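Reader: I have a model open and a few labels I'd like justified. Can we go through them?

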Amino acid sequence: MPPIHADLVRTYGTPQYVYRLDRFRAAAGTLRGALPPDTRLYYSLKANPHPGLAAALPDLGLHAEISSQGELDTLRQAGTDPADSLYTGPAKTSDELLTAIRAGVRLFSVESPRDLARLTAAARLHGTTVDYLVRLNAQGNAAGSGLRMTGRGASQFGIDAETVKAGDPLFTRTDAARPVGVHLFPATNVPDQAALIREFDLSIRTAAAVLRTTGLTPRLVDIGGGFPAPFARPGPPPTWPALRQALERSLDAHLPGWRAGAPQIAFESGRRLAADCGTLLTTVLDVKDSRGTRYLVLDAGINVLGGMSGLGRVLSTGIQPRPTGHGTGTAPATLVGPLCSPLDVLGRKVDIEAVEPGTVLEIPNVGAYGLSASLVGFLSRPMPAEVLLDTDTVIEARRLELTAARLARPAAAEDSRD
């Protein structure tokens, strides 16, 4: 364990997430280098909405992709201008759209005619004009992935690309909302470079076909992401030496004005940008054997690490702490958390050294979809500490809390007490 982690455990205890800004910066540079020049890169706050990461976006030339009032609040807390963000999501309410517009957001992803109607009404109410991208569900399945968003049959996201016709109202400007391009995001955590290239090529082809049909001159085409990264196990993030050239070839063929910014091309990433900046520190509270199975009982469970398994990975097969260096050889163990539920299993048959109660384990590559994808309210356990480092300097330490806010009774309920 690095000395800084030992110091942090003594100061803040466990479970504890440690995020490194220097690793976040390095990931941004690596990913930018794999993409064509002069393209836009959005950071998806859903992967890790820590204000310290959000505050770093402008200096890194990154933009924010947000999809909730909470993420908008994070931008404002971080001092990052919401006007530089893209607001997405399939179920944006009228109130949240108006709040976003009042905060300065001017670019939205629209998923349906009703979504557009709510956006237009909110813009009119505020007395402004907003821009929007139409989200498309591409027809086809270019590659397998951990989690598909669109492309494999029906989808709750966007509109089916093959249904778009000339004169489609979604692509028609009004007094308060103007279409400026299209948005695609077919898959996340695409497993390898060849599959990722196929996904992007399908998205580019789909965008070009829809734009030809509608006659829209686009200002921005967002073809999403899907960049993979290891999760909760040691290992470097992948690189894609052939990606940039393949993207340029596909863009030249189907959206030839892109080199002059007509349209500007955008990508999105949360996982690849944030994954390896985060490490979870957790203490072994107990070691026990039951009918041939060794259990390590940790103070971090599914309330702390990735309890939302719908993100396309099953923790019980993937989690792997870093070696502690204290034991000799390894043996399989089941890693469980502190919750009184048989669901609280982080990993089964995990090869791990013999450790004693009190040992601190390091679970790497959890800067994305670690705490943000956990069942934080389950059994009302305390939240883990979150410590933000820049190299080995502590920038901020915090602990989130769930609080209850009382709501006003309906007038009829108040009257019934009289």
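**Labels and their reasons**

Author: Sure. Take Arg 124 to start: its relative accessible area is 47%, so it is partly exposed. Keep in mind that this is a predicted model.

Reader: What makes Asp 175 exposed or buried?

Author: The cut-off for exposed is over 50%. Asp 175 has a relative accessible area of 55%, so it counts as exposed.

Reader: Why is the contact between Arg 124 and Asp 175 called a salt bridge?

Author: The limit is 4 Å between a side-chain nitrogen of Lys or Arg and a carboxyl oxygen of Asp or Glu. Here N to O is 2.7 Å, so the pair of Arg 124 and Asp 175 qualifies. Arg 124 sits in helix H6 and Asp 175 in the loop between strand E8 and strand E9, 51 residues apart.

Reader: And what about Asp 131 and Arg 219, which parts do they tie together?

Author: Their side chains meet in a salt bridge at 2.6 Å, N to O. Asp 131 lies in strand E6 and Arg 219 in the loop between helix H7 and strand E11, so the bridge ties together parts that are 88 residues apart in sequence.

Reader: Why is Asp 131 called buried?

Author: Buried means under 20%, and Asp 131 has a relative accessible area of 8%, so the label fits. Its partner Arg 219, at 46%, is partly exposed.

Reader: How do you know how compact the chain is?

Author: The radius of gyration is 23 Å, close to the 22 Å from the globule rule for 418 residues, so the chain is as compact as a globular protein of that length.

Terms used: Residues are numbered from 1 along each chain as its sequence is written. This is a predicted model: local features need pLDDT of at least 70, side-chain atom pairs count only at pLDDT 80 or more; totals for chains, interfaces and linings use all residues. Side-chain values use heavy atoms; hydrogens and water are left out. The radius of gyration is taken over C-alpha atoms; the globule rule is 2.2 Å times the number of residues to the power 0.38. Helices (H or I, at least four residues) and strands (E, at least two) are DSSP runs, numbered from the N terminus. Buried means under 20% relative accessible area, exposed over 50%, partly exposed in between (1.4 Å probe, protein chains only).
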